[in-house]
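Biologist: Let us go through this model together. Keep the answers short, please.

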Amino acid sequence: MLVTNELHAYYGKSHVLRGVSMEVRAGEIVSLVGRNGVGRSTLCKSVMGLVPPVGDVHFDGRRVTGQAPHRIAHLGIGYVPEDRAIFPGLSVAENLELGVKRRGNGGRWGYRDVFNRFPRLEERRDTPAEALSGGEQQMLTMARTLMGNPRCIMVDEPTEGLAPRVVAELADLLKEIAADGIAVLLVEQKLSIAKQISHRMYVMGDGRIVFDGTPSQLEDSPDVRKEWLEV
Amino acid sequence: MLETITFSLLNGLLYGMLLFMLSSGLTLIFGMMGVLNFAHASFYMLGAYFAYTMGLYTGFWVALFLAPIAVGLIGAAVERFGLRQVHQYGHVPELLFTFGLAYVVEELVRLFWGNTPMNYRVPEALDFPLFSLFGTNYPAFRVFVLVVAVSMFVGLYLLLKRTRAGLIIQASLSRPDMVSALGHNVPQVFMWVFAFGTGLAALGGVVGGIQLVTEPGMAFMMGPIVFVVVVVGGLGSIQGALIASILIGVLQTFALSVDWSLANLGMVFGYAVPPESFFATIWYMDSTRIAPMLPYLLLVLMLIFRPRGLMGKRES
Ligand SMILES: Nc1ncnc2c1ncn2[C@@H]1O[C@H](COP(=O)(O)OP(=O)(O)OP(=O)(O)O)[C@@H](O)[C@H]1O
Ligand SMILES: [Mg+2]
């Protein structure tokens, strides 16, 4: 569903993505792991059009490289960034409202569905988003993106700084989303979680994909882990 | 005494309302979008000139609507083809761009309309005294100014708090990247916000041009003070802009109408600075001479002691 082919990205002169080729299929959870600063977030941003991409991004067989972020969102790619970009000053309900797209209402996720799935958000619907706990904020940004009913969702380090109980909840949510047929690209720092829920894993190193396989294959490749993951 | 106070209050309120009309658009543009639009008062001037000229053909009431729309469209073009290009280089080039624009607009106005003030008058339908107070007539047009300003405030408030566009604007303040990733066309929203803000300034001009004056210097006369209103009121706060406008309007009008100096205060305590002292200038200076300085003094003090302004959510 989402395919990148020889994707490059630059910040000024620094060449961060150096030809990333990867694929996420419908209903699949694919994890992208790698050391800090290796360019995983940049990959999400350049797919989304937030960082100018050079190369190919295909979605549903269409080339979408370099389109404006709002266009890409309308095509059906959702993005949950790593720093929990809630909108401060707006209430929980208003944050959710911004996830709704002008066109294409009536998908799997409406207000009712979100509030049923996340009762805590309903209780706090009129609370300013910045007053929520870290875990609630993460759920809010997930729910907000789901309100747009994406067919592919990129989730960047959702578990960072969360308590184990919330991490487990998040893992369940991601599995549910994939079971609905949505393509999930998970950028994750915690290898244990990534291995537990992913169908496939990519290891990124030096701005490229250096490993592609199932969690158990990664388990059996100590050299990959040693060279690209362990510090 | 009561008469002076009442009239100062009324006139201060009126001037405050004019200030609000001018600055409410800048609250959107500077306070929310972060664009240091030095040319904001130029759109106010264009509003006055457009309404005057259109009014010759269509009458005041049609011009009241058409002039702000026309100026708003010019605003949209300025954003789309000017500011958006300059924006990527940061705030200073943006300021310089609008600074240049303000001069260009002024010269164009001189070119098309000449250097002398326009004979832009109160429309006949509003040219009558509404009531009289202490034997002085209070013109209906001034009440009309109040009504327009209040409607502007209510409209803006509802736009921001009750509409999706308002939510998008507020969210784009903190995370434009995320707003666009959710499927909203942020640059387009910004263009319309800019257009709307300039249109509001123009509406201020349609009315203010009559109440004050319509001449090529009017933009530079009002240019700096609108920034005072926006900063004192607090960036991005419409309520703050309203309060700051009224505060500045009333403060300035009072300083002009009551003849007062520090010496009066000294007299109460039986103290006086000798006339030959260096500080005598300040001591005996009457308030009418301080009046022009007051808004800027307020700005400076505000930035030092309360940089968020009266009701702002973030610092300037
Ligand atoms: N806006 C930017 N300008 C310049 N350099 C950047 C910018 N954003 C990221 N970088 C650099 O690009 C590289 C990749 O960053 P990226 O955020 O994609 O890494 P990451 O793999 O997500 O790591 P992490 O999230 O753990 O920091 C890093 O070296 C980072 O310093
Ligand atoms: Mg990252």
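Biologist: Which oxygen or nitrogen contact does A:E82 make with ligand 1, and at what distance?

Modeller: This is a predicted model, so treat every distance as computed. A:E82 is among the residues around ligand 1. A polar side-chain atom of A:E82 faces an oxygen atom of ligand 1, at 2.9 Å.

Biologist: How far is the polar side-chain atom of A:E157 from an oxygen atom of ligand 1?

Modeller: A:E157 is also one of the residues around ligand 1. Its polar side-chain atom pairs with an oxygen atom of the ligand. The distance is 3.4 Å.

Biologist: Which atom of ligand 1 lies 3.5 Å from a polar side-chain atom of A:Y11?

Modeller: A:Y11 belongs to the ligand surroundings, which also include A:V16, A:N36 and A:R40. The A:Y11 side chain contributes a polar atom at 3.5 Å. Its partner in ligand 1 is a nitrogen atom.

Biologist: Turn to chain B. Are α1(B) and α5(B) roughly parallel or roughly antiparallel?

Modeller: Helix α1 spans residues 2-32 and helix α5 residues 140-162. Their axes are 9 Å apart, at an angle of about 25 degrees. Angles under 35 degrees count as roughly parallel. Therefore α1(B) and α5(B) are roughly parallel.

Biologist: Is the crossing of α1(B) and α5(B) left-handed or right-handed, and how many nonpolar residues does the contact have?

Modeller: α1(B) passes α5(B) in a left-handed crossing. Residues that meet include B:L14, B:F20 and B:M21 from α1(B), and B:V145, B:F153 and B:L156 from α5(B). Two polar residues and one charged residue take part. The nonpolar residues number 17.

Biologist: What term describes the packing of α2(B) against α9(B)?

Modeller: α2(B) covers residues 40-58 and α9(B) residues 218-233. The axes lie 8 Å apart, and the angle is about 140 degrees. Over 145 would count as roughly antiparallel. So the term for α2(B) and α9(B) is oblique.

Biologist: Which residues of α9(B) make that contact?

Modeller: The crossing of α2(B) and α9(B) is right-handed. From α2(B), the contributors include B:Y44, B:M45 and B:Y49. The contact has eight nonpolar, two polar and no charged residues. On the α9(B) side, the residues are B:M218, B:A219, B:M222 and B:G223.

Biologist: How many charged residues are in the contact of α10(B) with α14(B)?

Modeller: These helices pack at about 135 degrees, with axes 9 Å apart. They are therefore oblique to each other. B:L247, B:I248, B:L251, B:Q252 and B:A255 meet B:L294, B:P295 and B:L298. Seven residues are nonpolar, one is polar, and the charged count is no residues.

Notes: Residues numbered from 1 in each chain as written. Chains lettered and ligands numbered in written order. Predicted model: local features only at pLDDT ≥ 70, side-chain atom pairs only at ≥ 80, totals over all residues. Heavy atoms only, no water. Axes fitted to C-alpha atoms, helices over the stretch in contact; angles between N-to-C directions. Helix = DSSP H or I, 4+ residues; strand = E, 2+ residues; numbered from the N terminus. Parallel < 35°, antiparallel > 145°, perpendicular 65-115°, else oblique. Left-handed = near helix turned anticlockwise from the far one by under 90°. Contact = heavy atoms within 4.5 Å. Nonpolar A, V, L, I, M, F, W, Y, C, P; charged D, E, K, R; others polar. Near = heavy atom within 4 Å. Polar contact = N/O pair within 3.5 Å; in protein donor to acceptor, adjacent residues only side chain to side chain.
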